[in-house]
Amino acid sequence: MSGAGLTVRDLRVTFDGFRAVDGVDLDVPPGDLRFLIGPNGAGKTTLVDAVTGLVRATGSVRFAGEELLGRPVHRIARRGIGRTFQTATVFEQLTVLQNLDIAAGAGRGPLTLLRRRRGVPEAVAHALETIGLAGLRDRPAGVLAHGQKQWLEIGMLLVQDVRLLLLDEPVAGMSHDEREATGELLRRVGEDRTVVVIEHDMDFMRSYARSVSVLHAGKVLKQGTVAEVQADARVQEVYLGRAAAPEPVAVPVAEEA
Ligand SMILES: Nc1ncnc2c1ncn2[C@@H]1O[C@H](COP(=O)(O)OP(=O)(O)OP(=O)(O)O)[C@@H](O)[C@H]1O
């Protein structure tokens, strides 16, 4: 494991007096593959928004020892922090390769990008292999399957040399095979990067998490290994106490709402 670590201290985000994130401490060591779970509205996405500069927050967010809070979004991105959203944001008309080229900021204008080129930059070629889309590099992104679009989006972060990836429900809506392929992709990506995954899919979490933080009502309820989190009575209560609960962590239960 390598890379840089994320340290969050007393993070707070308030929307019109409502505390969406309410004093969160988080330690994600270098090279961790951390899953962030919790019921709907727990504050998971808002936490990631705060780390990436999309919402105002107080407290401290340090990555590789550097304070991020208060910096604009583009500065945070330049520190090697990248995220995906629940819906993939790729350029559908452009090819897989062109999407990666643009993300890599290869400095070519739109016309040059549309022309045939001889070579592919090494970082782009490497990302294509990592995300398993080398064979589809000249296809328009719009024709890709749902899972493949998510992988392309991850590839677009890889070519930017991202060191911390924050992924919001990367396997939502994916088939079983796509989930497995995504899990393997996260393992590969996590070999030399730090990865944080917001997820509702408990089977996926159990298979691929190296560590887990459970959020509830804007606070960290529990942090530990999958086994530790599953065994925690408060975590079980939070999941069981909901009318339309996601699949509970420790006890066999229903699908995510
Ligand atoms: N821009 C906003 N303005 C007001 N309230 C917001 C805003 N964004 C989020 N919230 C509220 O903050 C709380 C946390 O939302 P958030 O999306 O972070 O939860 P979550 O854990 O990611 O939930 P889910 O699993 O459903 O995506 C929710 O009650 C939500 O309604």
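Let's start with strand β7, residues 164-168: four of its five residues are buried, so the strand is largely enclosed by the rest of the structure. Keep in mind as you look around that this is a predicted model.

What sits beside β7? Strand β6, residues 81-84, runs parallel to β7 and is joined to it by four bridges. If you want a spot to anchor your view, find R83, which stands opposite L166 in β7. Strand β8, residues 194-198, also pairs with β7 in the parallel sense, this time over five bridges. There, L164 is the residue facing T194 of β8. To get from β7 to β8, the chain passes through helix α7, residues 176-189, and this β-α-β crossover is right-handed.

Now swing over to another sheet. Here four strands make an open sheet with antiparallel pairing, and the order is β2-β1-β4-β5. The edges belong to β2 (18-28) and β5 (66-67); each has a single partner strand, so one side of each is left without a neighbour in the sheet. As a general reminder, strands of a sheet pair through backbone hydrogen bonds, either parallel or antiparallel.

Strand β1, residues 6-15, is a good one to follow through this sheet. Eight bridges tie β1 to β2 in an antiparallel arrangement, with L11 standing opposite V24 in β2. These two strands form a hairpin with two residues between them, and in that hairpin D16 takes a positive phi near 45°. β1 also runs antiparallel to strand β4, residues 58-63, and five bridges join that pair. In this case R12 is the residue across from T58 in β4.

Next, look at what lies over these strands. Helix α1, residues 44-51, lies across β1, β2 and β4, and runs at about 70° to β2. How many of the eight residues of α1 are buried? Eight of the eight are, so the helix is largely enclosed by the rest of the structure. The buried set is K44, T45, T46, L47, V48, D49, A50 and V51, which includes K44 and D49 as well as L47 and V48. After α1 comes G53, another residue to check if you care about backbone torsions: its phi is positive, near 85°.

The helix brings us to the ligand. Which element gives the most to the shell around the ligand? That's α1, with three residues. The residues around the ligand are F15, A20, G38, N40, G41, A42, G43, K44, T45 and T46. Sorted by class, this shell has three nonpolar, six polar and one charged residues.

One last stop is D138, in the loop between α5 (122-130) and α6 (146-158). Is D138 buried or exposed? D138 has 10 C-beta neighbours inside 10 Å, so it counts as exposed; the cut-off for that label is 12 or fewer. Even so, D138 has contacts beyond its stretch of chain: leaving aside residues up to four places away in sequence, D138 touches T95 and L97. L97 is 41 residues from D138 along the chain, yet their C-alpha atoms are separated by 6.3 Å.

Methods: Residues numbered from 1 in each chain as written. Predicted model: local features only at pLDDT ≥ 70, side-chain atom pairs only at ≥ 80, totals over all residues. Buried ≥ 20, exposed ≤ 12 C-beta atoms within 10 Å, placed from the backbone. Pairing = 2+ DSSP bridges. Right-handed = clockwise from strand over helix to strand, strands pointing away. Contact = placed C-beta atoms within 7 Å. Axes fitted to C-alpha atoms, helices over the stretch in contact; angles between N-to-C directions. Near = placed C-beta within 6 Å. Nonpolar A, V, L, I, M, F, W, Y, C, P; charged D, E, K, R; others polar.
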